[in-house]
Each structure stands twice: as C-alpha cells, then as structure tokens.
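Here's a set of short exercises to work through with the structure open beside you. Try each task before reading its solution.

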Amino acid sequence: MTADIQHPRDTRPVRGRWAPGTPILWRYRANGRSEPHICRPVTVIQDTPQLLATWMASGTPCVKPQLADGTPVHLEPLATRYTKPRTTVRSRWYGPGVVMLAQPGAPWSVWLFWDRGWKFRNWYVNLEEPLARWSGGVDSEDHFLDLEVYPDRSWIWRDEDEFQEAQRAGLLDAGQAERVRAAGREALAVVQQWGPPFDGRWEDWRPDPRWPVPDLPEDWDRHHRACTP
C-alpha cells in the first residue's frame, strides 16, 4: 500500500483538494486564542470528500509550545501547566513517522503510531475542533481528552487528568467539556463498530520513499482565510 505520488511545487489545492504528495501544515491554535502554537508539516496521502490522510515523517521540523522559562510543557506539574506563561520553540519529530487521518466535520482525528521496524503500536483518537482548511493546510484546537486504541481493539481514555485541569484553569467551560465528552463517546462508538477510518487497513500503509521531509516555513504562523474544498 505504498503511495504512487507526484511532487507538486506548491501547496495550492487542485480543484479544491490537495494532490497526493503535497506538503501542507497541520496546526493547532492555543486554546481560546486565534494564533497557532503547534505546527507540523505533513505530506498529503489522499484528500477526498470522505477523508484527509497525511504523513508526518521522522525528522520533520515542527513548532511546539514551551513554558516561557524554558520548561518543557510535559515536565511542568499539572497544577501550573496551564497557568504559566508560554512561548513556542522550533523542534523536530524524532519518533517513527505518524499517519494522521481526519474526516470532514468530525471533532477528532485519528493518528497511527508504529515502533521501529514498522511494528504497529496503536491508533490514537485526538479529540479536537473539526479541521478548518485553508490554502496551506488545516487548523484545529486540541480538547485535551484522547482515546487510545490497540491492535486487539481494546481501548483506554488518555489525559483525563489534563482534561480536568484544563477545566479548572478556565480553558474549557462546562458546556464545552460536555461537548468534548459527547464527541469522545461518539468516537468510541465508531471504534466499537470498527467503522471508518479504522476499517481502512491504514496500519499496512507505507510512505513513498521519494517523498522528502517537508520544510517548516518561516511564516508557519501566518493568518489565513478559511476555505472549503
């Protein structure tokens, strides 16, 4: 299931859709704000009315949040993780590559992780705002709570402590929190029915070896006008 691709020279959608092999930006806004604080250049695998599928290669340059004092976010105690000032830093994705799947309008995306040697590890359902498309990529906002699904189709909730702390810090109000919970239940129902995209055998997919690792543009945080395919 290796991609048969072309290498376009820019990121403009063709007839409203990106061609396979197109580099785009997958970004997340800071919660409650308009500007992105996470940016990951990815390569389009397919872009259809049913599914946007992308590939983030090992070694991809990216942007991630960090506390203003230099502390990595995941090392900050949970009680102050969402209240201390933050900045952004450039980094790289050093783990094995990740397939990232999103269905139009769905309040989650599904990521596939492998260990070294293409040993499939798990699916990860990231609860988030439905992706907003623009000419250079897609934007969303993370909702903290996640769902991890294993090859035997067992599952567990992830980051429930962060979800609760985000509410205490005022990043999610009660109504938003309930909508996130409802989205999680909907995602879990898809998992239990083994519906799309879990039924697509994406764990067997492999990237085209001709694909370069996309660059991180200097204006990765540029404002944009939302567009529809």
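Before we start, one cut-off: a residue is buried if its relative accessible area is under 20%, exposed if over 50%, and partly exposed in between. Keep in mind, too, that this is a predicted model.

**Exercise 1. Decide whether F163 is buried or exposed, and find what surrounds it.**

Start with the location: F163 sits in helix 2, which covers residues 160–168. Next, the accessibility: F163 comes out at 1%, so it counts as buried. Now look for partners beyond four places in sequence: F163 is in contact with H143, F144, L145, L172, A177, V180 and R181. Take one of them, F144: 19 residues separate F163 from F144 in sequence, while their C-alpha atoms are 5.1 Å apart.

**Exercise 2. Work out which residues have the most contacts inside the largest nonpolar core, and which elements supply this core.**

First, the core itself: the largest one has 34 residues, and V99, V125 and W202 have the most contacts inside it. Then go through the suppliers: strand 3 (52–56), strand 6 (98–102), strand 7 (108–115), strand 8 (119–128), strand 10 (137–149), helix 2 and helix 3 (174–193) each give at least two residues. Helix 3 gives the most, with five residues. Don't stop there, as there's a second, separate core of 16 residues, which includes I24, Y28, M56 and A102.

Finally, zoom in on W202. This residue is found in the segment after helix 3, and at 7% relative accessibility W202 counts as buried. As for distance, the C-alpha atoms of W202 and V98 are separated by 11 Å, with these positions 104 residues apart along the chain.

**Exercise 3. Explain why C39 and C62 are not joined by a disulfide.**

The cut-off you need: the two sulfur atoms must be within 2.5 Å. Start from C39: its closest cysteine sulfur is that of C62, 8.3 Å away, which is too far for a bond. Going the other way, C62 has C39 as its closest cysteine sulfur, again at 8.3 Å and again too far. The count therefore comes to zero disulfides under the 2.5 Å rule. Check burial while you're here: C39 is buried at 0% relative accessibility, and C62 is buried at 7%.

**Exercise 4. Classify the ring pairs that W118 makes with W55 and with W114.**

For scale, the whole structure has 13 aromatic pairs. Step one is W55 with W118: the ring centres are 5.8 Å apart and the planes meet at 20°, so this pair is stacked. Step two places the partners: W55 lies in strand 3 and W118 in the loop between strand 7 and strand 8, so the pair ties together parts that are 63 residues apart in sequence. Step three compares their surroundings: W55 is buried at 8% relative accessibility, whereas W118 is partly exposed at 34%.

Step four is W114 with W118, an edge-to-face pair with 5.0 Å centre to centre and 75° between the planes. W114 is buried, with a relative accessible area of 2%. Now zoom out: ring pairs link W55, W114, W118, F120, W123, W194, F198, W205 and W211 into a cluster.

**Exercise 5. Describe where E76 is and what it touches.**

Find the loop between strand 4 (60–67) and helix 1 (78–81), and that's where E76 is. With a relative accessibility of 5%, E76 counts as buried. Setting aside residues up to four places away in sequence, E76 touches L67, T71, R81 and K84.

**Exercise 6. Trace how strand 10 and strand 11 pair up.**

Check direction first: strand 10 and strand 11 (residues 155–158) run antiparallel, joined by four bridges. For a register mark, use E148, which stands opposite I156 in strand 11. Then look at the connection: the two strands form a hairpin with five residues between them, and R153 in the turn has a positive phi of about 75°.

**Exercise 7. Say where you'd be careful when reading this model.**

Overall, the chain has a mean pLDDT of 92, and 91% of its residues reach 70 or more. Residues 2–14 stay under 50, although the model has 33 contacts beyond four places in sequence for them. Where pLDDT is low, predicted coordinates shouldn't be read in detail.

How values were computed. Residues numbered from 1 in each chain as written. Predicted model: local features only at pLDDT ≥ 70, side-chain atom pairs only at ≥ 80, totals over all residues. Heavy atoms only, no water. Buried < 20%, exposed > 50% of the residue type's maximum accessible area, 1.4 Å probe, protein only. Contact = heavy atoms within 4.5 Å. Core = buried A, V, L, I, M, F, W, Y, C linked by side-chain atoms within 4.5 Å. pLDDT = per-residue confidence, 0-100. Phe/Tyr/Trp six-rings, centres within 6.5 Å; stacked < 30°, edge-to-face > 60°. Pairing = 2+ DSSP bridges.
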